[in-house]
There are 2 protein chains.
Amino acid sequence: MKAAYELAACIGDPLFLEPFWMQNAEGSAVLESGWHRMSCLFHKDGSYVSAELEKIIRKLHNVVGNAVTDKRFIIFGTGATQLIAASVHALSLTNSSSSPARLLASVPYYATYKEHAEFFNSSNVKFEGDASAWKKSKGNDNITQVIEVVTSPSNPDGKLKRAVLDGPNVKTIHDCAYYWPHFLPTTHQVDEDLSLFSLSKATGHAGSRFGWALVKDKYIYENMKRYIYLSSMGVSRDTQLHVLQLLKVVVGDGGEE
Amino acid sequence: MKAAYELAACIGDPLFLEPFWMQNAEGSAVLESGWHRMSCLFHKDGSYVSAELEKIIRKLHNVVGNAVTDKRFIIFGTGATQLIAASVHALSLTNSSSSPARLLASVPYYATYKEHAEFFNSSNVKFEGDASAWKKSKGNDNITQVIEVVTSPSNPDGKLKRAVLDGPNVKTIHDCAYYWPHFLPTTHQVDEDLSLFSLSKATGHAGSRFGWALVKDKYIYENMKRYIYLSSMGVSRDTQLHVLQLLKVVVGDGGEE
């Protein structure tokens with residue numbers, strides 16, 4: 001029997017994009033030999049990430065016009081799931097108070113946020129629930145550090161949402177997984193301090209477990225990167241190779257399209 | 001510039017196995033189409049893991065004779081790195097005391113254990129350093145819950161090690177990453193409650209970020225699985241496909257060998 005968290009996590013498995021990839025089977029295929037990319041480093045620059053993949057992600061956002069990538073660091077994660085945890089963690093480290101940062105989201109929110117915070121039981125973060133309820137509560141003293149997760153477009157209703165909270169004590173994570181033209185018209189370029197995207201929603205490859213964050217602040221970037229390395233030593237190089245080929249097809253760079 | 005934790009983490013990148021894979025280039029290659037394995041579930045059983053891969057891992061241990069897999073659950077992780085975190089977490093949940101469990105290892109230990117415990121700052125676990133020093137200390141009251149990580153063979157000296165601590169309050173994680181015949185003669189089958197292996201050392205594919213745990217207890221197994229799902233929603237299906245093909249070659253099941 002599957003646990004509730006397993007079923008909930010896979011809601012929105014985007015198999016409706018499968019026909020596109022079947023039509024582009026040749027251009028999007030990858031042949032990986034047993035001796036290919038064995039090392040945990042990419043040879044040329046001693047890095048854990050593919051510089052070529054980072055470049056094509058910037059190109060993808062420019063072609064689609066859904067996000068600003070200038071002056072942004074890019075971090076890869078094993079799905080947006082790992083990046084949410086990395087973001088919450090990195091933002092909580094900017095909290096100089098002895099009281100843990102409060103993690104908030106607008107209802108209806110992804111139940112995983114709560115499960116995350118409770119299961120990992122970090123001394124740095126406490127899940128506090130609905131952002132609007134917090135805004136009206138006594139806890140909202142403009143001093144307590146809070147981290148608000150804004151999922152826009154919202155899942156499942158597709159509405160564009162804005163942050164409920166603001167102020168110098170508020171940090172915001174923009175989960176933009178659904179902000180692609182095959183879900184809704186992309187009317188502006190996301191230009192936030194910290195925004196998350198996932199391959200799962202961009203191309204439909206949920207099984208590849210690949211996501212990326214666009215991050216403005218260097219300190220937040222460094223701490224997110226550290227989180228990813230300490231928790232899984234980066235993202236599978238097999239996956240990075242596969243994703244590179246898929247995105248080449250999408251942006252029309254050496255693919256069939 | 002690379003941070004110290006990044007360089008330390010990649011020590012032992014096992015590229016000496018590259019010639020073997022070059023000789024077996026054809027049998028170990030994988031062609032992955034863009035439409036292949038998009039879902040986050042494996043179709044037949046609604047699972048996040050490949051049942052076929054689990055089967056071949058059991059076969060690998062039987063052929064090599066380095067570990068007992070009967071009556072063991074198998075958990076996949078994004079490298080042994082993620083599995084260490086999952087193990088520590090799951091074992092800390094068996095702690096009914098209000099004091100956090102102590103995480104220990106024999107010197108010289110992998111510095112990442114300490115960094116992990118400090119960076120993630122879980123309320124459940126505190127890094128306490130050397131197991132032998134703890135054994136002689138006042139803290140060793142046979143009540144405080146402790147988790148000892150035993151890396152055997154040891155890295156870097158290759159010595160077989162045993163747990164320093166025992167008792168009803170002690171849980172042990174056996175990191176057996178180097179227990180393969182290409183590193184030293186495998187004289188016995190590992191038969192512990194919780195042991196970890198990694199593809200990085202088994203076949204040399206550090207870049208694939210794949211490891212597995214053999215776990216006896218169902219409660220520990222369930223909590224490790226939950227950790228993996230909540231932190232990254234399982235392991236990349238691209239990687240699982242690649243690993244399956246590599247291990248088929250190793251066990252001589254449809255490969256070239």
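B:Asn121 is partly exposed, with a relative accessible area of 29%. That value falls between the cut-offs of 20% for buried and 50% for exposed, which is why the residue is placed in the middle class. The model in which this residue is found is a predicted one. B:Asn121 lies in the loop between helix 6 and strand 4 (125-130) of chain B. Its backbone deserves attention, for B:Asn121 has a positive phi of about 45° although it is not a glycine.

The corresponding position may now be examined in chain A. A:Asn121 also has a positive phi, about 45°, and is not a glycine. This residue occupies the loop that runs between helix 6 and strand 4 (125-130) of chain A. The relative accessible area of A:Asn121 is 29%, so this residue is partly exposed.

A further backbone feature occurs in another loop. In chain A, the peptide bond between A:Ser152 and A:Pro153 is cis, with omega about 0°. A:Pro153 is situated in the loop between strand 5 (146-151) and strand 6 (170-175) of chain A. In chain B, a cis peptide bond links B:Ser152 to B:Pro153, and omega there is about -5°. The loop that holds B:Pro153 lies between strand 5 (146-151) and strand 6 (170-175) of chain B.

The strands of chain A come next. Of the 5 residues in strand 2 (residues 73-77) of chain A, 4 are buried, and therefore this strand is largely enclosed by the rest of the structure. Strand 2 of chain A is joined by 5 bridges to strand 8 (residues 211-215) of chain A, and the two run antiparallel. Within this pairing, A:Phe76 stands opposite A:Trp212 of strand 8.

In chain B, strand 7 (residues 194-198) offers a further example of a covered strand, since 5 of its 5 residues are buried. To understand its two sides, one general point is useful. In a regular strand, side chains point alternately to one face of the sheet and to the other. In strand 7 of chain B, one side carries B:Leu194, B:Leu196 and B:Ser198, while B:Ser195 and B:Phe197 are on the other; all of these are buried, and both faces are thus covered.

Strand 7 of chain B has strand 6 of chain B as a parallel partner, joined to it by 2 bridges. B:Asp175 has B:Leu196 of strand 7 as its bridge partner. Strand 7 of chain B also pairs with strand 8 (residues 211-215) of chain B, here in the antiparallel sense and over 5 bridges. In that pairing, B:Ser198 is matched with B:Gly211 of strand 8.

Attention may now turn to a helix. Helix 9 (residues 218-232) of chain A contains 15 residues and reaches 21 Å from its first C-alpha to its last, close to the 21 Å expected at 1.5 Å a residue. The N-terminal end of helix 9 is capped by A:Asp217, which has a side-chain oxygen 2.9 Å from the backbone nitrogen of A:Tyr219. After helix 9 comes A:Met233, whose phi is positive, near 50°. Helix 9 of chain A is mostly covered, with 11 of its 15 residues buried. Among the buried residues are A:Ile220, A:Met224, A:Tyr227 and A:Leu230, and A:Lys225 is also one of them.

In chain B, B:Gln82 belongs to helix 5. Its relative accessibility is 3%, so B:Gln82 counts as buried. The side chain of B:Gln82 makes a polar contact of 3.1 Å with the side chain of B:Ser231.

The final topic is the empty space inside the model. When a probe the size of a water molecule is rolled over the atoms, the empty space that remains is revealed. A search of the whole structure finds 6 cavities of 30 Å³ or more. The largest cavity has a volume of about 460 Å³. It is lined by 27 residues, of which A:Phe120, A:Ser122, A:Tyr227, B:Phe120 and B:Ser122 are the closest to its centre. Both chains take part in the lining: helix 5 (79-92) and helix 6 (112-120) of chain A, and helix 5 (79-92) and helix 6 (112-120) of chain B, each supply at least two residues. Helix 5 of chain B gives the most to this lining, with 5 residues. By class, the lining of the largest cavity comprises 18 nonpolar residues, 9 polar residues and no charged residues.

Definitions and conventions. Residues are numbered from 1 along each chain as its sequence is written. Chains are lettered from A and ligands numbered from 1 in the order in which they are written. This is a predicted model: local features need pLDDT of at least 70, side-chain atom pairs count only at pLDDT 80 or more; totals for chains, interfaces and linings use all residues. Side-chain values use heavy atoms; hydrogens and water are left out. On a 1 Å grid over the protein atoms alone, a cavity is a set of points where a 1.4 Å probe fits but cannot get out, and a pocket is an open set with protein on both sides within 12 Å along at least five of seven lines; lining residues have an atom within 4 Å of a point. Grid points are joined across faces, edges and corners, and a volume is the space filled by probe spheres set on the points. Ala, Val, Leu, Ile, Met, Phe, Trp, Tyr, Cys and Pro count as nonpolar, Asp, Glu, Lys and Arg as charged, and the others, Gly among them, as polar. The expected span of a helix is 1.5 Å times one less than its number of residues. Buried means under 20% relative accessible area, exposed over 50%, partly exposed in between (1.4 Å probe, protein chains only). A polar contact is a pair of N or O atoms within 3.5 Å; within protein, one must be able to donate a hydrogen and the other to accept it, and residues adjacent in sequence count only if both atoms are side-chain atoms. Two strands pair if DSSP finds at least two bridges between them.
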